[in-house]
Amino acid sequence: MFFDQERNGIRCSIILSFTDERIRIMWTKFWDMHSGGGLKEDPIQFIFIEAPADEAVVVFYNRFKHNPYRVTCSCCGEDYSVSCHETLLQASGFHRSCPMNKDGKYISQNRNKNSVGSLKKTPQGYQTAGEFRKRKDVLIIPKKDIKKEERHGVTPEQGYVWVD
Ligand SMILES: [Zn+2]
């Protein structure tokens, strides 16, 4: 089930699981939207942080010193698309060309006749978690790699910053 959450100015489309009646959001994905025509952390396009969105945005800012919701170019919109997921597999499945099971969850295996749902073709085709992790445009920051001080601080609002 999908819905949008707005909390502390953090917008996130959240995938909820009611399997145990608790909301477990463990990973936040920052997908560079090429606002203004370039990658903000070139060559990285996808940054996965093992934390709920509001905390992950703080970690992001402390590490990269720019707000992911910054708008580099007003016609392109925000620098990153931010989304929250239960697991790294669900956060990355689309980009790994993983097939989905009948509940709409990505499964970590090459497509077979038992999988359903539309497989989004990517130039490289299906990738294992290991292959995906090694991509130059992917950065994965697990909980153990997040320093205590990176979890705290204020993320300043950053608006339109395009300079010709
Ligand atoms: Zn633009």
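Two strands are taken to pair if DSSP finds at least two bridges between them. In the predicted model examined here, strand 3 and strand 4 meet this criterion, pairing in the antiparallel sense over four bridges. Within this arrangement, Trp 31 stands opposite Phe 46 in strand 4. Strand 4 is also joined to strand 6, which spans residues 138-141, by four bridges, and here the two strands run parallel. The bridge partner of Ile 47 in strand 6 is Leu 139. Strand 4 is thus described by an antiparallel pairing with strand 3 and by a parallel pairing with strand 6.

These pairings belong to a protein chain that contains three helices and six strands, arranged along the sequence in the pattern β-β-β-β-α-β-α-α-β. Of the 164 residues of the chain, 26% count as buried. Among the contacts between residues at least 6 apart in sequence, 63% join residues that are at least 24 apart.

The largest nonpolar core comprises 19 residues, of which Phe 48, Ile 49, Ala 56, Val 57, Val 59 and Phe 60 touch the most other members. At least two residues of this core are supplied by each of strand 3 (27-32), strand 4 (46-49), helix 1 (53-64) and strand 5 (80-85), and helix 1 gives the most, with seven residues. The surroundings of Val 59 can be specified further: when residues up to four places away in sequence are not counted, Val 59 touches Ile 49, Ala 51, Ile 146, Glu 150 and Arg 151.

Two loop positions were also examined. Gly 37 is found in the loop between strand 3 and strand 4, and because the C-beta neighbours of Gly 37 inside 10 Å number 9, this residue counts as exposed, the cut-off for that class being 12 or fewer. The C-alpha atom of Gly 37 is separated by 8.4 Å from that of Cys 76, although the two residues are 39 residues apart along the chain. Phe 94, in turn, has its place in the loop between helix 2 (88-92) and helix 3 (129-133). With 16 other C-beta atoms within 10 Å, Phe 94 is partly exposed, since a residue is classed as buried only if 20 or more such atoms lie within that distance and as exposed if there are 12 or fewer. Between the C-alpha atoms of Phe 94 and Tyr 126, which are 32 residues apart along the chain, the separation is 9.6 Å.

Key
Residues are numbered from 1 along each chain as its sequence is written. This is a predicted model: local features need pLDDT of at least 70, side-chain atom pairs count only at pLDDT 80 or more; totals for chains, interfaces and linings use all residues. A nonpolar core is a set of buried Ala, Val, Leu, Ile, Met, Phe, Trp, Tyr and Cys residues joined through C-beta atoms within 7 Å. Two residues are in contact if their C-beta atoms, placed from the backbone, lie within 7 Å.
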